[in-house]
Amino acid sequence: MRMHGSQTRASGDPYFAHPIEVAGILTDYRLDTATIVTALLHDVIEDTPVTRADIDQLFGPLIGELVEGVTKLSRLELQAEHTRQAENLRKFILAISRDVRVLMVKLADRLHNMRTLEFIPRQEKRERIARETLDIYAPLARSIGCHRICTELEELAFTHLNKVARDAIVRRLEVLRAEQSSTVAVVSGEISAKLEAAGIKSRVFGREKHPYSIWRKLQRKSIGFSQLSDIYAFRVIVESEEACYQALGVIHRAWPMVPERFKDFISTPKRNNYRSLHTTVVGPKGMKIEMQIRTEAMNRVAEDGVAAHWRYKDESYGFDAEAQQAAGGRDPLVNLRHLVQVLEHGGDAEDLVEHAKLEMFLDQVFVFTPKGQLISLPRGAMPLDFAYAVHSDVGDTAVGVKINGELRPLRTPLTNGDVVEVIRGAKAVAHPEWQSLSITGRARSAIRRHMRQTEKDEFIRLGRASIDQTIERAGKTRAEVSLRPALERFTAPTEEELYEAVGRGRISPAQVLEVLFPGLKETEKAAAAARRKIEGGKGARLFVRGGGLTPGVSLHFGTCCNPVPGDRIVGILEPDGGGLTVHAIDCQKLAEYEDRDDLWRDLQWTPEAERNTISQAKLKATIRDAPGVLGQTCTIIGQAGGNIVGMRMHHRQADFFDVDFDIEVRDARHLTNIAAALRACPPVETVERARG
C-alpha cells in the first residue's frame, strides 16, 4: 500500500486493491505463504521504485524470484501485439515450468483483471485482452486442472468477444431451467435412492453446462441447441475409488447405457490429473443423463487442479508432491514441459503460439508401446505424434507404423487402446508433407526443426557442387583455389555459409568465380555454352535421387514436364532459395534460361533411381465412345504394371472423348510400353505422353 501510494486503476479504485484481490483469490485455494505474499507484491517491481534486491532483503530470495517471474511476464504485455503474445508466452512457459506458483499468481492476476475489464474504455483493447485470455490463459488453467479458474476466464472472455451469442444462450438456458428444474430434482432423487438401496453412501447433484462450453460444442458439432443432450449433467460423489465402480454398476443396471459414451478417467487420468468415471444413460422419462462419478478428493482435484495438493506436512505448508502421487496423479507441469520442448525447437512467433495452442487445447487418447508403456496423446493424434512423444529420435527416423500388428498409413488416427509400433529407418529423413500428418505442437515443431536442418545441409551440398562445377568449367581445380576472397566479398563467416547462399540462389556461382578470378567470367561463360551437354556416368556433377538431395526439400521435379527415370534431364538452380528443379531436356520452359548458363546443372539418373523408384507420368488418350471402353483401358494399364492415381475426362463428343491418366511407372521405358499396349486396343484412337 505504501509503495503503490496514490496510483489508481481504470475503475477509479486505489491500485493496491488489485494485488489484495489477487491474494484473496489464491487464499480461496489455500495456497502457501510464499504464493500469497507474491500475489500481494506482484506489481511493485513493475509499477513502483522497488527493486528485486529490496524484495530479497525484506522477504527472502524465494519470494524475490517468484515476484520477478511474474513481473517479467507483465512487462512483455507492453510490446507489439504479435511479437508480444509469442514472447510473453515463451517467457511465461519457461518461468512456470520451474515453479507452478508463478502460473497460479498470473492466473489469479488475469482473473481479477478480467472481472474488471469493462472499465477499460477502448473496445479493441478489451477484445485483445479477452482473446489472449481465451487462447492462452484459460487453456493453461485447464492444463494444470484449475477448472474453476478456467471456466470463469472463458465466460468473462466470451462476454466481451461475443456478447450477442452468450446472451442468446443464457436466455435459452433460463427457459430450459424453468421447464426442467423439477425434472432435475426428481432424477437426483432417483439416483440417490438407487445407490442408497445398494448400500452406497453418496451425494448427488445436478450441474448446468456453462454458456461458453455450450457455444464451443455448437460450433464443433454443427448442431442446434435443442440437439444437445448434456446441458444438464449429474455428479455422484462417493467415499472411495471402489465405490465409484460399484455405483457405476448400480446405475448401468438401473438404466440402459448409451453406447460409446463411457469413459474411465480413474484408471487412465487426463494429463491434468483429472480422474472420474463418465457415463451417459437413458434415464427416467426417456431423458439422456450424463453422469460423473468420483470421490471427494477427485472432485477437489477436478475443480482446483494442482491447488488441491497444497497442505500441511512436517509442520510446514506447501505443495505435497507425495500426496499428489498417492492420489494417482502425475507431475502437474508435464504438459508445460512439452511446451518447453516446443520452445527449444525454435521457429517464428506464429509457430510458437500455434503449437502452444495445439498442446493445450486438445483432448486425449491413450495408446501403448509394444512393451506396454502407456502414452497419452491429444484426440485425433496420428502415428508421428506417437513417435515424437516417445522420443525425438524415434520421430526423426520413422518411416512407417504398425497399429495392433498391422501395417497402416501414417495418416491413420489413433484410438484408445491401440498398440503402436514405429518402423524406423537407418537415418533421419525429412518429408515436407509430414507436417500435415501430425497434430501435436511437439511433433510439428520437431518436424519443422528437422526440416530446417535437413534443408540447410542439402543447400550446402548443392552450393558446394555448383561452385566446384563452375570452377572446373573455367579450367581450374577446386584444390588450387582459396575461397577466402569470396568469403570476405559476400561477408560469409564460413565456407558452409557461402555454399548455403549459393545453393539457395542468393549468390550465383558466376559471382563467386568473378571474385576468385576477376575478368574470367565471360571466358567461362562462352566455354560453358560451347560445351553444354548432358553428361553421363562419372561425368555427372549431381545425381538425381540418392546423391544427398531429397525431393521436396532442395530437389524439385518440374511439373511442366514430369521427368521420369530414362528421360534425359537437366537441372536449373532456382533463385531465392527454390533449390534445384529437374527438367526433361525437351521441356519448353528451358528456353527461358537460355542466357543464364550459371543456373544450368548437369544431371543424371542414378542406377538406384532407375531400378527401385516409382515416378508419376501422364498419358493423354482419345477413345471411341462405347459401353465398357474406359474399364477396358484401365485394365490394360493395370496388366502392363501401371498404377492409375488420377483420371480426368474432357472434350466429350458424340463419338469420342479424351482422358488424361496420371500413372505411376518405373521409368520412361515402362511408360512407353503402357502407351504401346493402349494403342493396340481397337477403341483407342491416339495415345501420347502429356507434359505438365
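**Exercise 1. Explain how far apart Asp56 and Arg52 sit along helix H4.**

Solution. This is a predicted model. Start with the helix. H4 covers residues 52-59. Asp56 and Arg52 are four residues apart in it, so about one helical turn separates them. Next, check the side chains. Asp56 forms a salt bridge with Arg52, and the closest N and O atoms are 2.9 Å apart. The cut-off for such a bridge is 4 Å, and the pair meets it at 2.9 Å.

**Exercise 2. Classify Asp56 and Arg52 as buried, partly exposed or exposed.**

Solution. Recall the limits: buried is under 20% relative accessible area, exposed is over 50%, and partly exposed lies in between. Asp56 has 26% relative accessibility, so Asp56 counts as partly exposed. Arg52 has a relative accessible area of 25% and is therefore partly exposed.

**Exercise 3. Find which parts of the chain the salt bridge between Glu296 and Arg203 ties together.**

Solution. First, the contact: the two side chains meet in a salt bridge, 3.0 Å from N to O. Then place each partner. Glu296 belongs to helix H13 (residues 296-304), and Arg203 belongs to strand S1 (residues 202-208). The partners are 93 residues apart in sequence, so the bridge ties a helix to a strand from another part of the chain. Last, the accessibility. Glu296 is partly exposed at 43% relative accessibility. Arg203 is partly exposed at 38%.

**Exercise 4. Analyse the salt bridge between Arg261 and Glu290.**

Solution. The N-to-O distance in this salt bridge is 3.4 Å. Its partners come from distant parts of the chain, 29 residues apart. Arg261 is in the loop between helix H12 (241-254) and strand S3 (263-264). Glu290 is in strand S5 (residues 288-295). Now apply the accessibility limits. Arg261 has a relative accessible area of 29%, so this residue is partly exposed. Glu290 has 11% relative accessibility and therefore counts as buried.

To finish, turn to shared partners. Arg52, Asp56 and Glu68 are joined into one network by salt bridges that share partners. The structure holds 22 salt bridges.

**Exercise 5. Work out the strand order and the edges of the sheet that contains S19, S20, S18 and S21.**

Solution. The sheet is open and has four strands. Read across, the order is S19-S20-S18-S21, with antiparallel pairing. Strand S19 (643-650) and strand S21 (684-690) are the edges, since each pairs on one side only. From one strand to the next, the twist averages 20°.

Look now at one pair. Strand S18 (residues 615-624) and S21 run antiparallel and are joined by six bridges. Ile623 stands opposite Val684 in S21.

**Exercise 6. Describe how helices H25 and H26 meet this sheet.**

Solution. Take helix H25 (residues 629-639) to begin. H25 lies across S18, S19, strand S20 (656-665) and S21. H25 runs at about 25° to S20. Helix H26 (residues 668-679) also packs on the sheet, touching S18, S20 and S21. The direction of H26 makes about 165° with that of S21.

**Exercise 7. Summarise the whole protein in numbers.**

Solution. Count the elements: 26 helices and 21 strands. Then burial: 50% of the 692 residues count as buried. Then contacts: among those with a separation of 6 or more, 66% join residues 24 or more positions apart. Last, the surface. The accessible surface is about 32,900 Å², and carbon and sulfur atoms hold 50% of that.

Note on methods. Residues numbered from 1 in each chain as written. Predicted model: local features only at pLDDT ≥ 70, side-chain atom pairs only at ≥ 80, totals over all residues. Heavy atoms only, no water. Helix = DSSP H or I, 4+ residues; strand = E, 2+ residues; numbered from the N terminus. Buried < 20%, exposed > 50% of the residue type's maximum accessible area, 1.4 Å probe, protein only. Contact = heavy atoms within 4.5 Å. Areas by Shrake-Rupley, 256 points an atom, 1.4 Å probe, with all protein chains shown as cover. Pairing = 2+ DSSP bridges. Axes fitted to C-alpha atoms, helices over the stretch in contact; angles between N-to-C directions.
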